[in-house]
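This report describes side-chain contacts and surface charge in a protein model. Please consult the sequence and structure shown below while reading.

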Amino acid sequence: MRVNHRKMGSKQLTCKIGPSILNADLSNLHEESVRLLADGADYLHLDVMDGHFVPNMTFGHPVVKCLRAKIPDVFFETHMMVSNPEQWITPMADAKVNQYTFHFEATENVPLVCRKIREAGMKVGLGIKPKTPVDVLEKYIDLADMILIMTVEPGFGGQSFMYDMMPKVKWLRSNYPELNIEVDGGVGPETIHPCAEAGANMIVSGTAVIKSKDPKQVMEDMRETVEKELNKCC
Ligand SMILES: O=C(CO)[C@@H](O)[C@H](O)COP(=O)(O)O
Ligand SMILES: [Fe+2]
């Protein structure tokens, strides 16, 4: 299935805030997630790391499945920082994940992975690491529901936002007005402006939300900034 993101149709893009729980107290994953959702999160961005594609490990489908059992209705995106992303499609679909976001750099066969994700009933997210140029995505964009532009090297929360990734977001937004574009890494109240101006509408924020005394306010402020920009263009 192909989605034509180039045409300017009637689809109104909205801002979605998806906190990353990577730097939360993972022994309280359920409580932390419920708190973030009560504070206004639109979806949960679950960072899955395999210690191979990135030099860090987190959790996999068994944990996601347990969390899903306690939170049945919320949109779960798994950010798959794994080699061989094909391997975890079925288990993540079984865990009732809504969107499976994998990395361009992790596979030789992007179309095949996109197709298998869709066949398993999930939305397709396709991401690139900072050193990967955005134009490699051109022939795959219509196979995806969302493009992820990493604004740090994947692997760890709490890193500094890479401002020089914003031209990638701008290029995508100017060519694909209806595309969902996500930014991830070092995003918070201090760095949301360039993301919004460049055209990102899906905002992942870990440390800035989790470590804040007022996560609700942080998410509200980021949403307001993004919505202001989205409303400018239409
Ligand atoms: O995927 C990743 C890191 O690899 C992210 O989801 C970050 O973990 C977000 O955390 P902050 O950079 O906002 O602290
Ligand atoms: Fe992530």
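A search of the whole structure, which is a predicted model, finds 8 salt bridges. In general terms, side chains of opposite charge can pair when their charged atoms come close. Three of these pairs are set out in the table, among them one within a single helix.

| Salt bridge | N to O distance | Location |
|---|---|---|
| Glu32 and Arg35 | 2.8 Å | both in helix 1 (residues 29–38) |
| Asp94 and Lys65 | 2.9 Å | helix 3 (residues 89–94) and helix 2 (residues 61–70) |
| Glu86 and Lys116 | 3.1 Å | loop between strand 3 (75–81) and helix 3, and helix 4 |

**Salt bridges**

Within helix 1, Glu32 and Arg35 are 3 residues apart, about one turn of the helix. How accessible are the two partners? Glu32 has a relative accessibility of 13% and therefore counts as buried, the limit being under 20%. Arg35, at 34% relative accessibility, counts as partly exposed.

The bridge between Asp94 and Lys65 joins distant parts of the chain, since its partners are 29 residues apart and belong to helix 3 and helix 2, respectively. Asp94 counts as partly exposed at 45% relative accessibility, and Lys65 is likewise partly exposed, with a relative accessible area of 41%.

A separation of 30 residues along the chain is likewise spanned by Glu86 and Lys116. Glu86 sits in a loop that precedes helix 3 and follows strand 3, and its relative accessible area of 30% makes it partly exposed. Lys116, in helix 4, is partly exposed as well, with a relative accessible area of 32%.

**A further residue of helix 2**

Lys70 is also found in helix 2. Is this residue buried or exposed? At 55% relative accessibility, Lys70 counts as exposed, because the class begins over 50%. Lys70 and Met81 are separated by 11 residues in sequence, and their C-alpha atoms are 24 Å apart in space.

**Aromatic pairs**

The count of aromatic pairs comes to 4. In one of them, the ring centres of Phe104 and Tyr140 are 6.3 Å apart and the planes stand at 45°, so the pair is tilted. This pair connects distant parts of the chain, its members being 36 residues apart. Phe104 belongs to the loop between strand 4 (99–103) and helix 4 (110–119), whereas Tyr140 belongs to the loop between strand 5 (123–128) and strand 6 (146–150). Tyr140 is buried, with a relative accessible area of 14%.

Trp171 and Tyr176 form another aromatic pair, with 6.2 Å from centre to centre and 65° between the planes. Their arrangement is edge-to-face, because planes over 60 degrees apart fall into that class. Trp171 is partly exposed, with a relative accessible area of 26%, while Tyr176 counts as buried at 2% relative accessibility.

**Negative surface patch**

Which residues gather in a patch of negative charge on the surface? The patch comprises Asp214, Glu220, Asp221, Glu224 and Glu227. Asp214 lies in the loop between helix 7 (207–210) and helix 8 (215–233). With a relative accessible area of 39%, Asp214 is partly exposed; this value satisfies the patch requirement of over 30% relative accessible area.

Key: Residues numbered from 1 in each chain as written. Chains lettered and ligands numbered in written order. Predicted model: local features only at pLDDT ≥ 70, side-chain atom pairs only at ≥ 80, totals over all residues. Heavy atoms only, no water. Patch = residues over 30% accessible without salt bridge, like charges linked within 9 Å, V, L, I, M, F, W, Y side chains within 5 Å. Areas by Shrake-Rupley, 256 points an atom, 1.4 Å probe, with all protein chains shown as cover. Salt bridge = Lys/Arg side-chain N within 4 Å of Asp/Glu carboxyl O. Lys, Arg positive; Asp, Glu negative; His and termini not counted. Charge placed at Lys NZ, Arg CZ, Asp CG, Glu CD. Helix = DSSP H or I, 4+ residues; strand = E, 2+ residues; numbered from the N terminus. Buried < 20%, exposed > 50% of the residue type's maximum accessible area, 1.4 Å probe, protein only. Phe/Tyr/Trp six-rings, centres within 6.5 Å; stacked < 30°, edge-to-face > 60°.
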